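Me: I've got a structure open and want a quick tour. Can we start with charge pairs and then move inward?

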Amino acid sequence: TCGRVVLSVPRGPLRRAQEEAGRADLVIVLGSSMGTSPFCELPSYSGCFVLCNKQKTPYDKSARVCIHDDVNQFIARLMKHVFGEKGVSLNFTYEQEFLILPRGETVLVTTPRANEPAVFIESISFTDANGMERSFERGMSGEFSSDLVTAPTTLTVEFKAEFDVDPVTVMYVGEKVSGKLVKHVSLDES
C-alpha cells in the first residue's frame with residue numbers, strides 16, 4: 001500500500017485503470033499526496049511518470065521526474081513551454097463537497113462518497129454551549145466527529161494549506177448539511 005488510506009475498489013474497473021495506465025507513454029501526477037491505495041499505484045503501471053506535488057510523497061523516488069512545486073505554477077510553465085510565447089489562458093474551478101451529519105449523539109463530517117475520507121480538511125472547530133473553543137477529532141477512516149456539538153452552532157472548517165483557500169463557516173442546526181471547498185484557478189500567461 002501507499003501509506004495512509006486503503007480503499008476497497010471493484011476489481012473490474014481497477015484492472016481497466018491499470019491496463020490504461022500501462023498503455024500510457026507518460027503519466028503526469030499533479031497535486032497528489034499519493035496516499036490512497038490502490039490509486040497511488042496506478043502511475044507505476046506506465047512506462048514513465050512525472051510527479052508534481054508541494055510535499056514529498058512515498059513515490060518520489062519511483063517517478064522519472066519529481067518536482068516539489070506549486071501545481072499552478074508548474075502547469076503555467078509547462079503550458080508556456082508547450083504553446084510557446086503566445087501563452088495560454090486556463091480557467092477552472094476545483095470543488096470538493098463535505099457533509100455534516102447527525103449520528104445519534106455525535107456529529108460526523110465526511111464526504112458524500114462511501115470510503116472517501118475528507119483528506120482536504122485540516123480541522124473543524126466550534127464554540128460549545130459553555131463558550132469553550134472545541135475541535136472535532138479525526139478518526140482512523142479520515143472522518144471528523146464530535147459528541148460535544150449542540151445545535152444550533154457555527155462550525156469553522158479549515159482546509160489544508162496546499163489548497164490555499166479561506167476557511168468556511170457552516171451553520172449546523174441538527175440536520176444534514178453540506179459544504180464545499182471551492183477554489184477558482186485562473187492562469188493567464190499570454
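Reply: Sure. A term to begin with: a salt bridge is a side-chain nitrogen of Lys or Arg within 4 Å of a carboxyl oxygen of Asp or Glu. Keep in mind that this is a predicted model.

Me: Fine. What do the side chains of Asp69 and Arg77 do?

Reply: They form a salt bridge, with N and O 2.2 Å apart.

Me: Is Asp69 buried or exposed?

Reply: Asp69 is buried, because its relative accessible area is 18% and the cut-off for buried is under 20%. Its partner Arg77 is partly exposed at 44%.

Me: How many salt bridges turn up in the whole structure?

Reply: Five. Arg16, Glu20 and Arg23 are tied together in a network of them.

Me: What are the distances there? Start with Glu20 and Arg16.

Reply: That pair sits at 3.4 Å, N to O. For Glu20 and Arg23, the closest N and O atoms are 2.7 Å apart.

Me: Where do Glu20 and Arg16 lie?

Reply: Both are in helix α1, residues 11-23, four residues apart, or about one turn of the helix. Glu20 and Arg23 are three residues apart in helix α1, so about one helical turn separates them too.

Me: And how exposed are they?

Reply: Glu20 is partly exposed at 37% relative accessibility. Arg16 is exposed at 53%, and Arg23 is exposed at 55%.

Me: Switching to the inside. Which residues of the largest nonpolar core touch the most other members?

Reply: Phe98, Ile100, Val109, Phe120, Ile121, Ile124 and Phe136, out of 19 residues in that core. The elements giving two or more residues to it are β6 (89-103), β7 (106-110), β8 (121-127), β12 (153-159) and β13 (168-172).

Me: Any other core?

Reply: Yes, a second, separate one of eight residues, including Val29, Cys40, Phe49 and Tyr59.

Me: Back to Phe120. What is it in contact with, beyond four places in sequence?

Reply: Gln96, Glu97, Phe98, Thr111, Phe159, Lys160, Phe163 and Leu181.

Me: Now Val107. Which strand, and is it buried or exposed?

Reply: Val107 is in strand β7. It counts as buried because its relative accessibility is 3%. Among its contacts beyond four places in sequence are Ile100, Phe136, Phe144 and Tyr172. Val107 and Ala151 are 44 residues apart in sequence, with C-alpha atoms 10.0 Å apart.

Me: What about Leu51? Where is it?

Reply: Leu51 is in strand β4, residues 49-52, and is buried at 0% relative accessibility. Leaving out neighbours within four places, its contacts include Val29, Met34, Tyr59, Val65 and Ile67. Tyr59 and Val29 belong to the second core.

Me: And Cys52?

Reply: Cys52 is in strand β4 and buried, with a relative accessible area of 0%. Asp69 is one of its contacts beyond four places in sequence, and Leu30 and Phe74 are also among them. That is the same Asp69 that pairs with Arg77.

Me: Is Leu30 buried or partly exposed, then?

Reply: Leu30 is partly exposed, because its relative accessibility is 35%. It is found in strand β2, residues 27-30.

Me: Which residues join Leu30 in a nonpolar surface patch?

Reply: Leu26 and Ile28. Together the three have about 240 Å² of accessible area.

Technical notes: Residues numbered from 1 in each chain as written. Predicted model: local features only at pLDDT ≥ 70, side-chain atom pairs only at ≥ 80, totals over all residues. Heavy atoms only, no water. Buried < 20%, exposed > 50% of the residue type's maximum accessible area, 1.4 Å probe, protein only. Contact = heavy atoms within 4.5 Å. Core = buried A, V, L, I, M, F, W, Y, C linked by side-chain atoms within 4.5 Å. Patch = residues over 30% accessible without salt bridge, like charges linked within 9 Å, V, L, I, M, F, W, Y side chains within 5 Å. Areas by Shrake-Rupley, 256 points an atom, 1.4 Å probe, with all protein chains shown as cover.
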